[in-house]
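Here is a short tour of a few residues and their surroundings. Have a look at the sequence and the model first, and then read on.

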Amino acid sequence: MGFKCGIVGLPNVGKSTLFNALTQTAAAQAENYPFCTIEPNVGDVAVPDPRLNKIAAIARSTTIVPTRLTFVDIAGLVRGASKGEGLGNQFLGHIREVDAIAYVLRCFEDPDVSHVEGRIDPMADADTIETELMLADLESLEGRAAGLEKRAKGNDKDAKKLLALMNQALTLLRQGVPARRADIPNNDKKAFKELQLLTAKPVLYVCNIDEASAASGNHLSKTIEARAQQENAYVINISAKIEAELAQLEPDEQIDYLSELGLKEPGLNRLIRAGYDLLDLITFLTAGPKEARAWTVPRGKTAAQAAGIIHTDFERGFIRAETITYDDYVACEGESGARDAGKMRLEGRNYMVQDGDVIHFRFAV
């Protein structure tokens with residue numbers, strides 16, 4: 001598994017151009033008018049991880065399988081989208097199942113590209129997106145409340161619990177506060193997540209900036225950085241034009257092009273890293289002659305739970321996890337060398353998997 005990221009933004013902010021570049025496809029139209037993206041576009045990208053290539057070379061793996069990130073591109077929102085204005089409401093449902101939402105905000109000036117609101121103001125754009133998502137959540141919760149209240153009055157314990165969580169979210173939303181600000185106890189977080197509220201999802205601000213400001217940002221992106229700092233949120237600067245050009249270049253040419261611009265890596269890498277940090281995800285690795293593979297899990301998962309990501313039988317019949325840190329795997333030139341050097345650990349089912357662990361699971365069913 002990897003993770004799924006919804007991409008939302010007002011029309012003409014470069015959202016679909018960015019989607020095309022990140023997924024290296026032309027699946028999403030990128031025209032200069034609202035709602036050119038009629039259906040949600042979904043694209044998978046491999047998560048770059050140099051560690052995977054290294055262990056594959058050591059293990060002489062025939063196949064390399066990176067973990068994946070899925071982008072879901074949603075048609076441009078406008079004010080009133082939650083009420084069906086501009087057909088925007090049709091698309092909000094497509095992001096209810098994503099893990100995080102990227103707000104793509106226009107932080108560049110271009111007289112040839114119109115803005116639906118007639119001005120360049122990324123802070124106002126972020127407010128518009130947030131408002132429309134909150135209104136959509138309000139409509140969703142209020143539509144479900146009546147039936148749930150009836151069940152709760154009939155002493156349905158699950159209904160009472162869910163209704164209490166819904167009312168907590170409704171109170172915030174009616175005050176203009178997103179549901180992610182709700183103080184939910186740990187034992188209720190799973191139930192709260194099942195409400196599939198758009199504003200309960202973690203947010204990543206993506207500032208689409210001009211090429212000249214790609215390395216350091218500009219005055220528009222600085223306002224969003226300040227906002228993110230206040231919200232303890234994540235923000236990255238990306239130039240959709242640069243990413244689109246990178247997508248057309250060979251790997252060696254990409255390095256040279258980035259160097260000329262004063263950039264160390266593509267925006268995709270930074271976006272993925274920010275997404276992993278936002279969702280507190282880590283990667284563990286498996287390696288053998290057949291394949292070397294990366295697997296993504298939330299931080300804090302046990303060895304048995306990580307085994308279940310590979311196959312449910314692995315978790316059900318878990319015996320042990322033969323674990324080597326990535327650094328030890330490389331230094332000892334593989335599994336046998338690590339075992340001989342005493343660097344392989346035999347971990348039980350409750351061991352907390354760490355980022356970069358190279359694991360061989362033993363199981364029996």
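## A few residues in context

In this predicted model, valine 42 sits in strand S2, which covers residues 41–46. Is valine 42 buried or exposed? Its relative accessible area is 56%, so valine 42 counts as exposed, the cut-off for that label being over 50%. Valine 42 also has a partner from elsewhere in the chain: its C-alpha atom is 6.9 Å from that of threonine 70, although 28 residues separate the two along the chain.

Next comes glutamate 322, which belongs to strand S10 (residues 318–324). With a relative accessible area of 6%, glutamate 322 is buried, because that label applies under 20%. Which side chains does glutamate 322 contact through its own side chain? Arginine 320 is one of them, at 3.2 Å, and arginine 362 is another, at 3.0 Å.

Glutamate 250 is found in a loop, between helix H8 (240–246) and helix H9 (251–261). Its relative accessible area of 51% makes glutamate 250 exposed. On the surface, Glu250 is part of a patch of negative charge, together with Asp252, Glu253, Asp256 and Glu260.

The table puts the accessibility values side by side.

| Residue | Relative accessible area | Label |
|---|---|---|
| Valine 42 | 56% | exposed |
| Glutamate 250 | 51% | exposed |
| Glutamate 322 | 6% | buried |

To return to the two glutamates: glutamate 250 is exposed, whereas glutamate 322 is buried and has polar contacts with the side chains of arginine 320 and arginine 362.

Definitions and conventions:
Residues are numbered from 1 along each chain as its sequence is written. This is a predicted model: local features need pLDDT of at least 70, side-chain atom pairs count only at pLDDT 80 or more; totals for chains, interfaces and linings use all residues. Side-chain values use heavy atoms; hydrogens and water are left out. Patches are made of residues with over 30% relative accessible area and no salt bridge: like charges are joined within 9 Å, nonpolar side chains (Val, Leu, Ile, Met, Phe, Trp, Tyr) within 5 Å. Accessible areas come from the Shrake-Rupley method with a 1.4 Å probe; for residues, only the protein chains shown count as cover. A salt bridge is a side-chain nitrogen of Lys or Arg within 4 Å of a carboxyl oxygen of Asp or Glu. Lys and Arg count as positive and Asp and Glu as negative; His and the chain ends are not counted. The place of a charge is taken as NZ of Lys, CZ of Arg, CG of Asp or CD of Glu. Helices (H or I, at least four residues) and strands (E, at least two) are DSSP runs, numbered from the N terminus. Buried means under 20% relative accessible area, exposed over 50%, partly exposed in between (1.4 Å probe, protein chains only). A polar contact is a pair of N or O atoms within 3.5 Å; within protein, one must be able to donate a hydrogen and the other to accept it, and residues adjacent in sequence count only if both atoms are side-chain atoms.
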